[in-house]
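Work through the exercises below with the sequence and the coordinates at hand. Each task is followed by a solution in steps.

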Amino acid sequence: MGGVNAAEAEERDPGLQPERTRLAWRRTTLASTVAAVLSVKSALRGDPTVSGVVVCALCCVLWLGFLLVAHHRIRALAASAGPPALAHRHATTAVLCTVALALCGVALVL
């Protein structure tokens with residue numbers, strides 16, 4: 001029970017996992033883009049304040065940082081059947097950009 005025999009292991013398509021991961025990066029990039037656009041809309045709606053514009057600019061910079069990491073990873077996944085592991089600095093950058101973008105969005109809403 002639960003074990004994979006040799007025939008099943010040979011039938012497995014190794015290209016599926018990188019494809020799913022690439023699509024996940026694309027979905028996350030799309031969600032990040034939507035968050036950045038909504039933060040810009042929120043910051044510039046009505047009477048924009050200096051702090052709102054600064055937070056909006058920070059959101060855009062964080063979005064660009066995440067976009068660069070995601071683009072790098074998507075290209076690495078598409079380049080080979082066995083892509084290298086995500087570097088720690090790229091993973092840390094992606095997490096920090098995501099969390100900071102969420103915090104900036106909250107700051108704009110409040």
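The accessible surface of the protein chain in this predicted model comes to about 7,600 Å², and 68% of that surface belongs to carbon and sulfur atoms.

**Exercise 1. Describe the overall make-up of the protein chain: its elements, its buried share and the sequence range of its contacts.**

Step 1. The protein chain has 4 helices and 0 strands. Read from the N terminus, the order of elements is α-α-α-α.

Step 2. The protein chain has 110 residues, of which 24% are buried.

Step 3. Take the contacts between residues at least 6 apart in sequence: 77% of these join residues at least 24 apart.

**Exercise 2. Check the end-to-end distance of H2 against the span expected from its residue count.**

Step 1. Helix H2 covers residues 16-44, and its count is 29 residues.

Step 2. The expected span uses 1.5 Å times one less than the number of residues. For H2 this gives 42 Å, and the end C-alpha atoms are 42 Å apart, so the two values agree.

Step 3. Just after H2, Gly-46 has a positive phi of about 70°.

**Exercise 3. List the buried residues of H2, state what they pack against, and examine Ser-32.**

Step 1. The buried residues of H2 are Pro-18, Arg-22, Trp-25, Thr-29, Ser-32, Ala-36, Ser-39 and Ala-43. They pack against H3 and H4.

Step 2. Buried means under 20% relative accessible area. Ser-32 has 11% relative accessibility and therefore counts as buried.

Step 3. With neighbours within four places in sequence left aside, Ser-32 is in contact with Trp-63, Phe-66 and Leu-101.

Step 4. Thr-29, also in the buried set of H2, can be placed relative to His-71: their C-alpha atoms are separated by 8.9 Å, although the two residues are 42 apart along the chain. His-71 lies in helix H3 and is partly exposed, because its relative accessible area is 45%.

**Exercise 4. Find the salt bridge of the structure and state how accessible each partner is.**

Step 1. A search of the whole structure returns 1 salt bridge. It joins the side chains of Glu-19 and Arg-22, at 2.6 Å from N to O.

Step 2. Both partners, Glu-19 and Arg-22, lie in helix H2, 3 residues apart, about one turn of the helix. An α-helix has 3.6 residues a turn, so residues three or four places apart point the same way. Side chains of opposite charge can pair when their charged atoms come close.

Step 3. Glu-19 is partly exposed at 34% relative accessibility, whereas Arg-22 is buried, with a relative accessible area of 17%.

**Exercise 5. Which residues make the nonpolar surface patch of about 290 Å²?**

Step 1. The patch is made by Leu-30, Val-34 and Leu-38.

Step 2. Leu-30 is found in helix H2. Exposed means over 50% relative accessible area, so Leu-30, at 55% relative accessibility, counts as exposed.

**Exercise 6. Locate the buried side of H4 and say what covers it.**

Step 1. Helix H4 runs over residues 88-109; its 22 residues should span 32 Å, and its end C-alpha atoms are 32 Å apart, which agrees.

Step 2. His-90, Ala-94, Cys-97, Leu-101, Cys-104 and Leu-108 are the buried residues of H4. They cover an arc of only 105° around the axis, which puts them on the same side of H4.

Step 3. The face turned away from that buried side carries the exposed residues His-88, Leu-96 and Leu-103.

Step 4. The cover over the buried residues of H4 includes helix H2 and helix H3 (50-79).

**Exercise 7. Compare the surroundings of His-90 and Val-99 in H4.**

Step 1. His-90 is in helix H4 and counts as buried at 14% relative accessibility. Not counting residues up to four places away in sequence, His-90 touches Val-69 and His-72.

Step 2. Val-99 is also placed in helix H4. Its relative accessible area is 46%, so Val-99 is partly exposed.

Step 3. The C-alpha atoms of Val-99 and Leu-62 are separated by 9.5 Å, with their positions 37 residues apart along the chain counted as sequence separation.

Note on methods
Residues numbered from 1 in each chain as written. Predicted model: local features only at pLDDT ≥ 70, side-chain atom pairs only at ≥ 80, totals over all residues. Heavy atoms only, no water. Helix = DSSP H or I, 4+ residues; strand = E, 2+ residues; numbered from the N terminus. Buried < 20%, exposed > 50% of the residue type's maximum accessible area, 1.4 Å probe, protein only. Contact = heavy atoms within 4.5 Å. Areas by Shrake-Rupley, 256 points an atom, 1.4 Å probe, with all protein chains shown as cover. Arc of directions from axis to C-beta. Patch = residues over 30% accessible without salt bridge, like charges linked within 9 Å, V, L, I, M, F, W, Y side chains within 5 Å. Salt bridge = Lys/Arg side-chain N within 4 Å of Asp/Glu carboxyl O.
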